[in-house]
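Got the viewer open? Let's take a short walk through this one, one selection at a time.

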Amino acid sequence: MTRYAMAIKTKNCVGCNSCTVACKVGNGLGPGLFYSHVKISEAGTYPNAKMVVQPILCNNCENAACAEVCPVHATYVRPDGIVVIDQDKCIGCRYCMIACPYDVRQFITDPDKGYYDEGLTAFEKQAYGHHQKGTVEKCEFCVDRVEQGKLPYCVQICPAKARIFGDIEDPDSEISKVLRENEHHVLNEAAGTEPCVFYL
Amino acid sequence: MMKTKSMNSKMLIIGCVLFVFGLICYLAMQVSAGVPASTNYPFGLYLAMFFCFAGAACGLAVVALLTTFGVFPELAGKHRRLYAGTLALLVTAGITITFLDCGQPARVPRMLFAASGTSLVSWDFFSLITITILSFIALMRKGQPSKVLAILAAIAATFVVVVEALILFVTADVDLWNSALMVVIYLLEAYALGCTLALFAAGMESRALRLNIGGALIALAVIQIIELIGGIYVKSTASALFTTGYLAPMFWLTVVVGLVVPAVLLFRQGTQPSGVKVASVLAILGVIFDKLAVILAGEAPIAAGSILTEGSTFIAAGAPHTFNMTRIAIYQLSFMEVAGVIGALGIALAVFALLDRIASNDAVAQSNEVESASE
């Protein structure tokens, strides 16, 4: 049984936001929309202060709170573990946004809004077409690409090789090896959602 | 009778005007931004109003039950009016949540056939439908009120309020919303609203209703203070917002002017009818703002996490293995949200006026029948 997950080597991440941009371009995300972003925080105090860089994306949880609260089964967990949203079913109640302990869901308010006052560019017209106004979206590990045997945009673009994506049920996969050999943690473990994004 | 009819007509006209205003703003909003109740928070005033409409409807159903069992003698013979109010508020709640909350209102009927049993929103949807049907039957039923129907309606009403409290309660890791007292707060708020509206129906002359409202308001104030102290102890974001944050003025004004002052006025024996009216209006506003404060305080860190803009460096404090968002978003009330709520109030008034007219006409016809039979 396949179970997709992502491991992020935070020490490798340089906070360049290439993942953020690749995700936005690849998924056709307009102004203010992010499936993935990089949180930069300060830890410690002077003289031992340091900057901590942490990429944030949907954790595609095993016990996905968003799927549980969705009143119309629009959000569901696929057999391969990826949590997806059926845009044609979503009623836009946004309960999933509140239930998600990671604040990674986005409400599509105006899919026709572009970056330029002159209107949508040719690229934007093509890229933004699949969004539905009044529905919720999120990172789905680039499920279309994964089905074609490709890596998610953020993984492929990362210049520091900080992201590893693969099947954690396969003991020989790179992600399984990395997780076996390194200490790792998940975000907000107390929420009990069993996230599938691991931080090394 | 004539006075009631004239009041009813005025209410209908005002309701229609407010509804048309809200509808125009809603349509304009759909054409321009396309966001229902556009603010930087997912939920705001409109959601507080939805909970209040639904809560008040449920409170009225419970008051109707108590009236059936003789607890409020001043309301005897007015049970159909109470159910007219219940039904009007339920219709308003349904329209409010469908059109101001849902991004795709046309898909909401899907819930009838494809609802998820694990979602409390589904439970809320079906329990609201249940109490709407029961209230409609109770409204249309002529003659003496049915005790069985009143009991069933009150049970359904209580269930609605509990489910709506749990909708917030079950959200993962949100300050204040995860409080075990959330259900108690919702029940008290619903009862206070129901009793206050019933007090208007009773012409402000029910001592029992006044004491019930006052008691519920004081209990709410005490619980909110207990919540605050508990929150300060565990250093919750919500308690910080209520003590020194931007919600502090609203929170304390609500507790003092919206809960304690009206309670004192209602408890006092010597309060004039005009004073009771003022206290009742303050009580309704107090409950609305109390709900709003709880909703906003829970959402503040979530909304902050959702605000991401290009070109900005997103810096949030907190250890990397936690997800402790310490940035707080300030709720911006939008004109469209206010307009939507005004439109919803218009619907409540207009629907109540229409239903009350039906109930009154039936009552007159019934009394005429009784008179002619006795002759």
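**Stop one: a helix crossing**

Helix 6 of chain B and helix 7 of chain B make a right-handed crossing (the near helix is turned clockwise from the far one by less than a right angle; left-handed is anticlockwise). Helices here are DSSP runs of H or I, at least four residues, numbered from the N terminus. This is a predicted model, where local features need pLDDT of at least 70, side-chain atom pairs count only at pLDDT 80 or more, and totals for chains, interfaces and linings use all residues. Residues are numbered from 1 along each chain as written, chains are lettered from A and ligands numbered from 1 in the order written, and side-chain values use heavy atoms, without hydrogens and water.

Select residues 147-169 of chain B for helix 6, then add helix 7: their axes come within 8 Å and cross at roughly 135° (lines fitted to C-alpha atoms over the stretch in contact, with angles from 0 to 180 degrees between N-to-C directions). That makes helix 6 of chain B oblique to helix 7 of chain B (not under 35, over 145 or 65 to 115 degrees).

Now show side chains. Among the residues in contact (heavy atoms within 4.5 Å) are Val161(B) and Leu168(B) in helix 6 and Tyr186(B) and Ala190(B) in helix 7.

**Stop two: another pair**

Go to helix 2 of chain B and helix 5 (residues 120-140) of chain B, whose axes come within 12 Å and cross at roughly 40°. The crossing of helix 2 with helix 5 of chain B is left-handed. Pick out Phe50(B), Ala54(B), Cys58(B) and Ala61(B) in helix 2, which meet Asp124(B), Leu128(B) and Ile131(B) in helix 5.

Notes. Helix = DSSP H or I, 4+ residues; strand = E, 2+ residues; numbered from the N terminus.
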